[in-house]
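User: I'm new to reading structures and would like to see how the words used for them are justified. Could you take me through one?

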Amino acid sequence: MKVDAITAVVTGAASGLGAATADALVTRGAEVLGLDLPSQIEKARPREGVRLVAADVTSEQEVADALASVPSGRPLRVVVNCAGIAPARRILSSKGAHELDLFRRALEINTLGTFNVMRLAAEVIARTAPDEHGQRGVIINTASVAAYEGQIGQIAYSASKGAVVGMTVPAARDLARSGIRVNTIAPGIVDTPMLASLGPEVGASLAAGIPFPQRLARPDEFAQLALMLIDHDYLNGEVVRMDGALRMQPQ
């Protein structure tokens, strides 16, 4: 799939994985429509080629309105879903039982939000003309190694990301008739602003448990993998771990 002269939609594009992916797509000639919350956009640095639009991924209307702004001369071909949250709470703790609203919120943003953007974007992509190979677009979703080895306190996060993994094959099958591929990236521990806020000691401790390379992953490495999945026309319905051979321990 060629990305020059096309539009790409990236969610969570104001920072972290989304920002790195948006920047990488711009360097390849794409125009990026970045979706994020207003509070995140206010803190984001301006980047040439990236148009940030305030939209909650769980809102049908806000996502539809954002997609309606895709320029007619640059068809939508690529979608990368990076928006998400990572709540930490045990089923039972000193605070009592896990809050149902917190669990619901994780599912709403990480699972429903991913599905909402995927379904609405697929509808737009399906209306475009296919390339010479019958392809119309590529959708890349973001899961996590927690989908497989959730740690203590990750019950909501693991459930929400496990659902993203579970959507991959049926989504690829559903959208095959429209010439749209669907793949998922399951990152390990990535050095994002969210992780950095916990302090350097936490980052160093987490890096020590990674077999090789024994360091945190970088957001640009996530972006590099996303571009590889976009480029490789035969990769479809796959979940790719990006984790340095990490297998998460209970805590």
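Analyst: Let's begin with a definition: two parts are in contact when heavy atoms lie within 4.5 Å. Helices (H or I, at least four residues) and strands (E, at least two) are DSSP runs, numbered from the N terminus. This is a predicted model, in which local features need pLDDT of at least 70 and side-chain atom pairs count only at pLDDT 80 or more, while totals for chains, interfaces and linings use all residues. Residues are numbered from 1 along each chain as its sequence is written, and side-chain values use heavy atoms, with hydrogens and water left out.

User: Which residues of α1 and α8 meet by that contact rule?

Analyst: On the α1 side they are Gly16, Leu17, Ala20, Thr21, Ala24 and Leu25, and they meet Pro219, Asp220, Phe222, Ala223, Ala226, Leu227 and Ile230 of α8. By class these residues are 10 nonpolar, two polar and one charged. Here Ala, Val, Leu, Ile, Met, Phe, Trp, Tyr, Cys and Pro count as nonpolar, Asp, Glu, Lys and Arg as charged, and the others, Gly among them, as polar.

User: What makes α1 and α8 oblique to each other?

Analyst: Axes are lines fitted to C-alpha atoms, for helices over the stretch in contact, and angles run from 0 to 180 degrees between N-to-C directions. Angles under 35 degrees count as roughly parallel, over 145 as roughly antiparallel, 65 to 115 as roughly perpendicular and the rest as oblique. Helices α1 (residues 16-27) and α8 (residues 219-231) pack at about 55°, their axes 8 Å apart. The pair is therefore oblique.

User: And why are α4 and α5 called roughly parallel?

Analyst: Their axes cross at roughly 20° and come within 8 Å. Set against the cut-offs, that angle makes α4 and α5 roughly parallel, therefore the name. Their crossing is right-handed; a crossing is left-handed if the near helix is turned anticlockwise from the far one by less than a right angle, and right-handed if clockwise. The contact of α4 with α5 has 15 nonpolar, four polar and one charged residues.

User: Which pairing does the sheet have, and what is the strand order?

Analyst: Two strands pair if DSSP finds at least two bridges between them. Strand β2 (residues 31-36) and β3 have five bridges, in the parallel sense, and in one of them aspartate 36 is partnered by alanine 54 of β3. The open sheet has seven strands in the order β3-β2-β1-β4-β7-β8-β9, with parallel pairing.

User: What makes β3 and β9 edge strands?

Analyst: β3 (50-54) and β9 (239-242) each have a single partner strand, so one side of each has no neighbour in the sheet. From one strand to the next, the twist averages 20°.

User: How do you know that aspartate 23 and arginine 45 form a salt bridge?

Analyst: A salt bridge is a side-chain nitrogen of Lys or Arg within 4 Å of a carboxyl oxygen of Asp or Glu. For aspartate 23 and arginine 45 the closest N and O atoms are 3.0 Å apart, which meets the rule. Aspartate 23 is in helix α1 and arginine 45 in the loop between α2 (38-43) and β3, so they tie together parts 22 residues apart in sequence. The count by this rule comes to 15 salt bridges.

User: What is unusual about alanine 5?

Analyst: Most residues other than glycine have a negative phi, and most peptide bonds are trans. Alanine 5 has a positive phi of about 65° although it is not a glycine. The bond from phenylalanine 212 to proline 213 is cis, with omega near -10°.
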